[in-house]
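Subject: Structure handover

Hello,

Here is the structure you asked to look at. My notes on it follow below.

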Amino acid sequence: MALELRDQRAEDEEPDKLDPGPNPALTGSLIENAEPAAAAAAAGRGCTPKMAAPPGEYFSVGSQVSCRTCQEQRLQGEVWKAQPCRHLAHKLTVFSEVEIINDRTETPPPLASLNVSKLASKARTEKEEKLSQAYAISAGVSLEGQQLFQTIHKTIKDCKWQEKNIVVMEEVVITPPYQVENCKGKEGSALSHVRKIVEKHFRDVESQKILQRSQAQQPQKEAALSS
């Protein structure tokens, strides 16, 4: 049986980043039906596993479990997953003793179903955005142009690069330096909408710069008043 525990002290850490060494976070594997070589190695360290769950049974998901490693380190956490296992996991923490502190008897709630198509669509969108950003950087687009592109793309997905120009809905082209007057296209709702987005973008950028300057000057003003 393989037992995976989630350390209450490391809730936000990713499993792959947990330290599997002498001081591991409590995400690991407890092997009851380990191979003979592994059992002999554990015995060689004077480690005789004591299991709280009888053979053929497993710890309930959600139970609170306390474990003592062969290095005499006491760890405590919540059972995250338990499944049959006949082979040592890549990251194996050998426990000499496992004790159930709080056994969860009720059936845990079912896991939420994953919307695979939605996740795939999100992954494609993120990939396209990264590729678009990489293209803009390689083409030598200014930071202002990259920021404007990202702002437009949040509202209008049909937005792409054409060399250093931003093409929106195949109708509007924004050329460097990407100001309102650089928006070209057939007069109509599309061009008017894009111009409003560009105008608001640079207005927000200027407001942010003013705020940052004000915050940077505040300590100097306070120091002048206190002196």
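**What was found**

K200 and D204 both sit in helix α4 (residues 189–226), 4 residues apart, which is about one turn of the helix. Their side chains form a salt bridge, and the closest N and O atoms are 2.8 Å apart. K200 is partly exposed because its relative accessibility is 44%, between the limits of 20% and 50%. D204 is also partly exposed, at 37% relative accessibility.

Before going further, please keep in mind that this is a predicted model. The pLDDT, which is the predictor's confidence in each residue, averages 74 over the chain. A score of at least 70 is reached by 67% of the residues. Confidence is highest in strand β7 (residues 172–174), at 97, and lowest in helix α1 (residues 36–44), at a mean of 43. Over residues 7–46 the pLDDT is below 50, and this stretch has 67 contacts in the model beyond near neighbours in sequence. Residues 86–93 also have a pLDDT below 50, with 18 contacts beyond near neighbours in sequence.

**The chain as a whole**

The chain has 227 residues, and 29% of them count as buried. It holds 4 helices and 8 strands. Along the sequence they follow the pattern β-α-β-β-β-α-α-β-β-β-β-α. The accessible surface comes to about 15300 Å², and carbon and sulfur atoms account for 52% of that. Take the contacts between residues at least 6 apart in sequence: 56% of these join residues at least 24 apart.

**Strands β5, β6 and β7**

How do strand β5 (residues 159–162) and strand β6 (residues 165–168) pair, and over how many bridges? They pair in the antiparallel sense, over 4 bridges. Two of the partners can be found by eye: K160 is bridged to V167 in β6, and W161 is bridged to I166 in β6. The hairpin of β5 and β6 has 2 residues between the strands, and E163 there takes a positive phi near 60°.

Strand β6 also pairs with β7, again in the antiparallel sense, over 3 bridges. Here V167 has V173 in β7 as its bridge partner. V167 therefore has a bridge partner in β5, K160, and another in β7, V173. The hairpin of β6 and β7 has 3 residues between the strands, and M169 in the turn has a positive phi of about 55°.

Which residues of β5 are on its covered face, and which on the uncovered one? C159 and W161 are on the covered face, while K160 and Q162 are on the uncovered face. In β6, N165 and V167 point one way and I166 and V168 the other way, and all of them are buried.

**Salt bridges**

The count for the model is 5 salt bridges. The K200 and D204 pair described at the start is one of them.

Another one joins the side chains of E170 and K160, at 2.7 Å from N to O. This pair links distant parts of the chain: E170 is in the loop between β6 and β7, K160 is in strand β5, and they are 10 residues apart. Is E170 buried or exposed? E170 counts as exposed because its relative accessibility is 55%, and the cut-off is over 50%. K160 is partly exposed, with a relative accessible area of 37%. K160 thus appears twice in these notes: its side chain meets E170 in the salt bridge, and V167 is its bridge partner in β6.

R213 and E206 form a salt bridge as well, at 3.8 Å from N to O. R213 is partly exposed, with a relative accessible area of 44%. E206 is partly exposed too, with a relative accessible area of 39%.

**A nonpolar patch on the surface**

L114, V116 and L119 form a nonpolar patch on the surface, and together they have about 340 Å² of accessible area. One of them, V116, is found in helix α2 (residues 116–138). V116 counts as exposed because its relative accessibility is 62%.

Regards

Methods: Residues numbered from 1 in each chain as written. Predicted model: local features only at pLDDT ≥ 70, side-chain atom pairs only at ≥ 80, totals over all residues. Heavy atoms only, no water. Patch = residues over 30% accessible without salt bridge, like charges linked within 9 Å, V, L, I, M, F, W, Y side chains within 5 Å. Areas by Shrake-Rupley, 256 points an atom, 1.4 Å probe, with all protein chains shown as cover. Salt bridge = Lys/Arg side-chain N within 4 Å of Asp/Glu carboxyl O. Buried < 20%, exposed > 50% of the residue type's maximum accessible area, 1.4 Å probe, protein only. Contact = heavy atoms within 4.5 Å. pLDDT = per-residue confidence, 0-100.
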